[in-house]
Amino acid sequence: MTLDDNTKWLLWVAKQFENIAGDNKEISLEQFKTALKVKESFFAERFFALFDSDASGTISLDELLKTLKLLVHGNETDKLQFLFQVYDVDGGGSIEPDEFRMVLKACLKESSISLPEEKLDDLTGALFESADSDKSGSVTFEELRRELQGFPEIMENLTISAASWLKPPTAPRKSQTPHILSPVYWHNNKNKLLLLGGYACVNIILFILAALKQAGSGIWIVVARGCGQCLNFNCAFIPVLMLRRSLTWLRTTWVAKVLPLDLNLVLHQLMGYMVGALTLLHTGAHIINFARLSQAQGGYHLWEYLFTTRPGIGWIRGTASLTGLLLQLLISLMLVCSTTLVRRSGHFEVFYWTHLFYVPIWALLIVHGANFWKWFVIPGSLFLGEKAFAAALSRVGGLYIVEVNLLPSKVTHLVIQRSPFFHYKPGDYVYLNVPPVCEQSS
């Protein structure tokens, strides 16, 4: 903080103190927590004890400002001395290993560094052993200062820690420009945004072209046909995003510099939700149109349009309505079972088996829509080709797990016997197919 900021902060402290102290001119520990908004009980108690120089159980404004000015304007040694006293809880003039660990953790937090607890313990042990030059099992102020002089950056961050803990939280400045519209965001995510923009444009163009062909047929026919054309594209293209081997090969080509191939799963999920929304619109528009036809013409009832082939609507023998309702059911069920709530609630097999509905869905789409097979020829061929290649490869060069070890932190260590046909390259990965494991309760 600048000198002006520090001055404003001290004025804020004085005002907060006077508002809470009132006529008594002194505040207690609980009032101190409220005044300076110190949430951590340990730090609040230690700061209060150091501010209370006469050990009266209360602190005055003079006692408070005297120490705060030292933290703001004092040199590094003065600040480190105060911080040393904060952690020297028993006042014995030395810091124990647990106290030293707390000092180091606070220092790393001020430097925006995060370490696992195990690494923090190792670092604490190494630094403590180095700082404890006389091997007494505790670190004095002089030992700590000499040790930190070899790490000036840590020394600088550590000596401002106490002052920063006492400073009130500042509200983040609101940018006038929304984050997603900022030039920096566009520069860092241009490939992603262009991909999403291109995907949106394709759907919009397909909807408009289909709608123009049905101009004058009524709004609900226009909506149904437009959504149907978008569904042709989405339902045919969505499996391409899950072709792992094809995508791995594409990552070695120039395509990886143009398209964010690592977003394949995100785009797959997005297209899944798009398919769900389009099917609802498509089905709803047809139902409304059928209801209007049954009232206006009187030839068929609504239930006949929906559940029979009598009206002769559709691609093969008028089965559009029946296949459409079945498609709506399967797609809705697949979408619901693909949500995070299902996948991460211990029922992953529900997601897995319902996702296999894509096979009957594609078959029904070919029967339901006259033009779907044209959209599906290329993506379907790629999908079947990759599945066939994977099946053949698994028979020729299967991998075998020869050892399994459960390591700490729930990490599983696998020893895999590599076949002579398996050649590893950086960036490759192994797809593990783990059979069901039945848990036996004792």
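How many ångströms should the 17 residues of helix α18 span at 1.5 Å a residue, and how far apart are its end C-alpha atoms? Before I answer, please keep in mind that what we have on the screen is a predicted model.

For helix α18, which runs over residues 320-336, the expected span is 24 Å, and the end C-alpha atoms are 24 Å apart, which agrees. Along this helix, the buried residues are Ala320, Ser321, Thr323, Gly324, Leu327, Gln328, Leu330, Ile331 and Met334. If you ask what covers these buried residues of α18, the cover includes α16 (264-296), α17 (302-307), α20 (348-355) and α21 (358-368).

Let me turn now to a pair of helices. Two packed helices are described by the angle between their axes and the distance between the axes. Helix α12, residues 190-213, packs against helix α13, residues 219-237, at an angle of about 140°, and the two axes lie 8 Å apart. That angle makes α12 oblique to α13, and the crossing of the two is right-handed. On the α12 side the contact is made by Tyr199, Val202, Asn203, Leu206, Phe207, Ala210 and Ala211, while α13 contributes Val222, Val223, Arg225, Gly226, Cys227, Gln229, Cys230, Phe233 and Asn234. Sorted by character, the residues of this contact comprise 11 nonpolar, four polar and one charged.

I would like to finish with one further residue of helix α13, namely Asn232. Is Asn232 buried or exposed? Its relative accessible area is 12%, and because the cut-off for buried is under 20%, Asn232 counts as buried. Leaving aside residues up to four places away in sequence, Asn232 touches Asn371, Phe372 and Trp375.

Terms used
Residues numbered from 1 in each chain as written. Predicted model: local features only at pLDDT ≥ 70, side-chain atom pairs only at ≥ 80, totals over all residues. Heavy atoms only, no water. Axes fitted to C-alpha atoms, helices over the stretch in contact; angles between N-to-C directions. Helix = DSSP H or I, 4+ residues; strand = E, 2+ residues; numbered from the N terminus. Parallel < 35°, antiparallel > 145°, perpendicular 65-115°, else oblique. Left-handed = near helix turned anticlockwise from the far one by under 90°. Contact = heavy atoms within 4.5 Å. Nonpolar A, V, L, I, M, F, W, Y, C, P; charged D, E, K, R; others polar. Buried < 20%, exposed > 50% of the residue type's maximum accessible area, 1.4 Å probe, protein only. Expected span 1.5 Å × (residues − 1).
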